[in-house]
Amino acid sequence: MLTIPSKFEAILKKDPYIHGQVITTVAVFSKIFEDNKLYFFPEYTDHGVKHINSVLNASEHIITNDTFDKILNPNNVAILVLSIILHDLGMQLTFDSFKSLVDGKNDDIKDNILDEKTWNQLWEDYLDEAKKFSGKQLKAIFGNEHHIFRRPDLNDRLNITEADKLLIGEFIRRNHPRIAQEISLKGLVGKNNELLEFASGTDKWIRQLAGIVARSHGMEIRDTFEYLKTISEEEWSKPYSVDVIFLMVVLRIADYFQFDATRIDKPLLKLKTFSSPISQIEHDKHLAIDFVKPYTQDPEVLYIEAKPDNSNLFLKLSQLFKSIQYELDISWAILGEIYGKESQDKQPKIQYRRVKSNLDKRGQFLKNVTYIPEKINFEYDNDLAKLLIAPLYGNDPTYGVRELLQNAIDACKELEAEYTKLSKPYEALIKVSIIEEDNVSFFIIEDNGKGMTLAELKNYFLKAGSSFRKSIDWQKKYTNEDGKSDVMRSGRFGVGVLAAFLLGDEIEVETYNSDDYYTYSFKAKLDSEQLNIEKKTPRENRGTKIKILLELDKKEKLKNIDRWQNWYRFKKPKVIYQKNNKNVVTSNLIDPLKVSDEQHEIFPEHFDKVIWYYSKNNITTCNGILVPNTYILKYINSTPTIHIIDSNAKLDLNLSRQSIMGKLSFEDELLEDIFKDFIASMLLYKNKYLIKDNKLQISSSTESFNHPSGIKMDSYFYTTKGFIINYNYFTQSYEGNKKKIHIGFNSSADPSEEILLDFKSIPLDNYLIDFNLSVSINNYSNYLQYIGEKITSYLQFYRPTRIYHSQKLYDLMFENNKVHHTVEKSHKINEQKYGWISWDYDNIDTSDLNLEIFKEDLKKISFITEEIYFNSSHNYFNNVLNKLLKMYIGENYIIPYDIEERKKMYGRAFDELEPYMRKYLK
């Protein structure tokens with residue numbers, strides 16, 4: 001039960017009507033505090049009856065006797081007691097009472113002086129912010145820095161999760177002073193949306209004053225003055241003879257001084273695990289305070305006894321006590337400001353001016369603790385920055401150019417995002433130059449981007465490791481309602497300004513952001529003890545200019561402009577490079593918004609998109625910024641140029657941004673797209689060889705199939721119906737069922753459209769035939785060695801094989817041990833004529849081939865092998881390529897020679913892969 005302290009009770013009884021109204025309100029709201037369910041705050045300290053009674057008692061205690069005797073009247077006490085009941089009443093909101101707020105049930109009492117936004121607007125703003133909470137914030141609220149945001153469903157109470165309660169609870173905690181004031185005016189929505197009025201029998205001005213006193217504990221007291229003038233313009237500091245400013249001071253201080261261990265159920269704590277570190281720290285702070293009492297040696301000092309058991313809690317309590325002292329100082333200043341002109345007997349006062357604790361440095365307590373009661377953490381000085389920055393970037397000044405250019409690009413993109421929302425035109429421009437002035441060289445980079453405010457300069461640009469894009473301010477301004485970035489921003493580590501010192505010892509900065517009135521400029525060295533930032537009248541355009549005096553060795557390293565003008569590979573924002581006032585042209589830039597037929601794009605999860613294509617020099621970029629160590633894809637011999645558009649900083653770059661760490665999360669997706677391009681080019685390939693009417697032909701109109709990825713499919717087999725790729729997906733049905741003929745031609749035997757071989761009566765449907773050109777016969781010694789090694793390679797699997805070649809080659813091979821001794825022992829000569837020989841390795845089945853068939857073309861042939869076909873190719877691409885082959889090729893393993901026939905057979909491929917085929921059809 002809430003209990004009114006005796007001194008308050010005595011004054012209230014002087015006005016029976018006021019006394020009765022206060023007693024009734026106390027009785028009604030005691031039930032709520034006794035229940036103390038805290039629906040949205042399952043882990044908070046007690047905000048029930050004990051807490052309210054404690055604040056009431058503390059209030060009585062800190063008011064001086066003279067103030068009780070000479071100043072306080074029933075209205076003063078009534079408003080103080082009602083405000084104490086109100087001040088944390090917002091923490092008692094139920095689901096229904098919270099929903100009524102965001103549904104606009106209180107919009108009619110919104111005060112335009114104190115509040116700009118309705119509850120629904122505040123709630124939506126908060127949800128937008130919550131999508132962008134940092135890991136630290138998520139850890140503090142949910143106990144999990146990886147917590148995934150979800151919007152609470154306020155239309156279904158049963159669907160509200162514990163995480164939803166914590167999210168809503170944080171919103172209520174931030175705004176509970178305003179909630180307290182509005183309850184005073186409109187009441188509290190309870191179960192079944194029933195309205196419980198607050199102090200219903202009192203005059204409106206009493207409820208107004210009680211509400212603003214309650215609200216004042218969560219805002220600066222001086223910020224209430226304009227509102228008070230709406231209640232009483234001339235006597236706003238003492239409306240209706242109520243010392244309202246004094247009452248605000250009393251509530252503010254009493255809410256601090258009521259700390260003690262009884263506010264928490266200790267046995268319950270032993271059984272409870274806290275998910276929120278904030279809740280745990282708040283509980284620990286309360287438990288660590290043993291008592292609060294007047295200091296015996298000075299009646300104006302309040303003494304606090306505490307027993308923190310670790311240094312973190314010690315520091316938290318020390319800060320708390322400093323905050324109390326600050327509140328006391330401010331409170332006394334305000335009391336002097338408001339009541340100082342009154343005579344002493346009319347000035348309301350509080351008992352205490354200072355706080356003292358056993359945590360003072362010279363106290364006995366600190367001599368006996370088992371920990372070091374100091375703030376100790378990692379720190380570094382400016383020399384460390386010097387030591388780290390050079391090794392990080394290899395002491396290469398071109399990386400300084402990159403970091404500064406990256407910052408300029410980000411600034412332009414941010415301003416572009418702002419102007420886009422306002423439908424304003426904007427043409428971004430960055431100028432990078434090296435100039436000579438008075439026999440010294442300067443590096444200058446200037447942009448017309450958003451520029452920096454003073455806060456950004458101090459908190460981010462000049463603070464190493466502090467990235468602006470991670471701040472709540474940046475998140476609010478440049479991310480959408482889904483928490484995703486509207487800006488393709490590259491900066492993320494906060495080390496850009498340090499890299500600038502790779503160019504020279506001193507940087508000169510000038511910047512203007514229209515959010516601030518002034519243009520700011522300064523000069524700085526890495527070891528500067530103090531930066532003198534000058535304020536100037538605003539320059540015409542927003543943006544930033546940085547000028548650096550180049551050291552001689554750095555100037556020498558920047559002589560080759562190619563080393564520093566190729567960092568940015570996109571067309572926008574436009575970057576102009578100058579050396580000695582002459583423009584330097586940068587080529588091969590792309591527009592990521594306009595993808596050509598030669599370029600392809602995929603849209604992986606977490607990334608805006610990825611553009612890839614093959615070029616003369618394949619590179620890797622992130623948001624257009626070159627990643628020096630080009631990423632290498634597995635399974636293909638040549639990795640294409642890869643442009644990764646990563647607005648949300650998901651790409652795992654190392655600190656120097658020289659390399660991508662680990663495997664790309666979308667590597668399989670990218671490989672799949674490259675393989676689609678491969679299949680498209682394969683289906684458009686015009687074969688060099690052709691078998692028609694049992695005759696082998698060569699077409700001079702085509703080249704050998706060579707996809708830029710360097711994917712090798714070993715070789716091709718030719719049949720009367722078309723060709724087959726020697727890759728297990730295509731050849732799996734032919735294993736052991738077909739014979740393979742391999743014919744090696746002399747390199748000189750390649751006339752256009754010439755019929756090389758007439759297979760006459762050979763049943764070619766039983767054979768897979770492949771061909772290749774060998775070395776020239778002109779160098780016969782090398783030729784014999786090459787052919788000998790080639791034949792030996794065909795025998796490496798020790799399968800039955802028949803081999804045809806010249807008698808001279810046979811003699812040289814076996815006389816000079818060109819073949820393995822097992823081949824020499826087990827081979828058997830089959831046929832000898834026309835200066836040629838055929839011989840068998842192991843026992844081959846009956847053959848349809850003989851030297852008679854080839855007699856007219858033997859001069860064009862190096863050798864022929866015949867064997868049962870078994871696939872020896874490696875199955876590298878099963879997981880990605882085979883899936884696509886099954887989709888587009890199916891079981892039509894023989895690819896027709898005629899393109900029109902392919903279109904009919906592979907209709908889906910020609911339809912879906914048309915974007916990939918365009919460049920091959922040109």
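This is a guided tour of a predicted model, stop by stop, with what to select and what is there.

**The whole chain**

Start with everything shown as a cartoon. The chain has 922 residues, and 53% of them are buried. Its secondary structure comes to 32 helices and 30 strands. Switch to a surface: the accessible area is about 44,600 Å², and carbon and sulfur atoms supply 47% of that. Among contacts with a separation of 6 or more, 71% are between residues 24 or more positions apart.

**The eight-stranded sheet**

Select strands E6 to E13. These eight strands form an open sheet, and the order across it is E10-E9-E8-E11-E7-E6-E12-E13, with mixed pairing. Strand E10 (534–536) and E13 each have a single partner strand, so one side of each is left without a neighbour in the sheet. From one strand to the next, the twist averages 20°.

Now narrow the selection to residues 440–447 and 543–549. These are strands E7 and E11, which pair in the antiparallel sense over six bridges. Which residue of E11 is the bridge partner of isoleucine 444? Lysine 547 is.

Add residues 397–421, which are helix H18. This helix packs on the sheet and touches strand E6 (429–437), E7, E11 and strand E12 (574–579). The direction of H18 makes about 25° with that of E7. Then add helix H19 (residues 454–461), which also packs on the sheet, in contact with strand E8 (506–512), strand E9 (519–525) and E11. Its direction makes about 25° with that of E9.

**The five-stranded sheet**

Move on to strands E14 to E18. They form an open sheet of five strands in the order E14-E15-E18-E16-E17, and the pairing is again mixed. Strand E14 (600–602) and strand E17 (625–626) are the edge strands, each pairing on one side only. Add residues 667–683 to see helix H23, which packs on this sheet and touches E14, strand E15 (609–613) and E18. The direction of H23 makes about 145° with that of E14.

Within the sheet, select residues 620–622 and 641–645. Strands E16 and E18 run parallel here and are joined by three bridges. Threonine 620 stands opposite isoleucine 642 in E18.

**The last helix**

Select residues 914–921, which form helix H32. Tyr916, Met917 and Lys919 are buried in this helix. Look down the axis of H32: its buried residues fall within an arc of 155°, so they line one face of the helix. Those buried residues pack against E14, H23 and H31, so keep the five-stranded sheet on display.

**Salt bridges**

There are 39 salt bridges in the structure. For one that involves H32, show the side chains of arginine 918 and aspartate 597, which meet at 3.3 Å, N to O. How many residues apart are the two partners? They are 321 residues apart, with aspartate 597 in the loop between strand E13 (582–584) and E14, and the pair links distant parts of the chain. Arginine 918 counts as partly exposed at 34% relative accessibility, and aspartate 597 is partly exposed at 24%.

Next, show lysine 663 and aspartate 668, whose side chains form a salt bridge at 3.9 Å, N to O. Lysine 663 is exposed, with a relative accessible area of 54%, whereas aspartate 668 is partly exposed at 42%.

Then go to helix H31 (residues 907–912) and show arginine 908 and glutamate 912. Their side chains meet in a salt bridge of 2.9 Å, N to O. The two are separated by about one helical turn because they lie four residues apart in H31. An α-helix has 3.6 residues a turn, so residues three or four places apart point the same way. Arginine 908 is partly exposed at 45%, and glutamate 912 is partly exposed at 37%. Finally, select Asp115, Arg178, Glu182 and Arg215: salt bridges that share partners join these residues into one network.

**Serine 216**

End with helix H10 (residues 204–216), where serine 216 is found. Is serine 216 buried or exposed? Its relative accessibility is 0%, so serine 216 counts as buried. Show Thr224, Met248 and Arg252 as sticks: serine 216 is in contact with these, leaving aside neighbours within four places in sequence.

Methods
Residues are numbered from 1 along each chain as its sequence is written. This is a predicted model: local features need pLDDT of at least 70, side-chain atom pairs count only at pLDDT 80 or more; totals for chains, interfaces and linings use all residues. Side-chain values use heavy atoms; hydrogens and water are left out. Two strands pair if DSSP finds at least two bridges between them. Contact means heavy atoms within 4.5 Å. Axes are lines fitted to C-alpha atoms, for helices over the stretch in contact, and angles run from 0 to 180 degrees between N-to-C directions. Buried means under 20% relative accessible area, exposed over 50%, partly exposed in between (1.4 Å probe, protein chains only). Accessible areas come from the Shrake-Rupley method with a 1.4 Å probe; for residues, only the protein chains shown count as cover. A salt bridge is a side-chain nitrogen of Lys or Arg within 4 Å of a carboxyl oxygen of Asp or Glu. The arc is that of the directions from the helix axis to the C-beta atoms.
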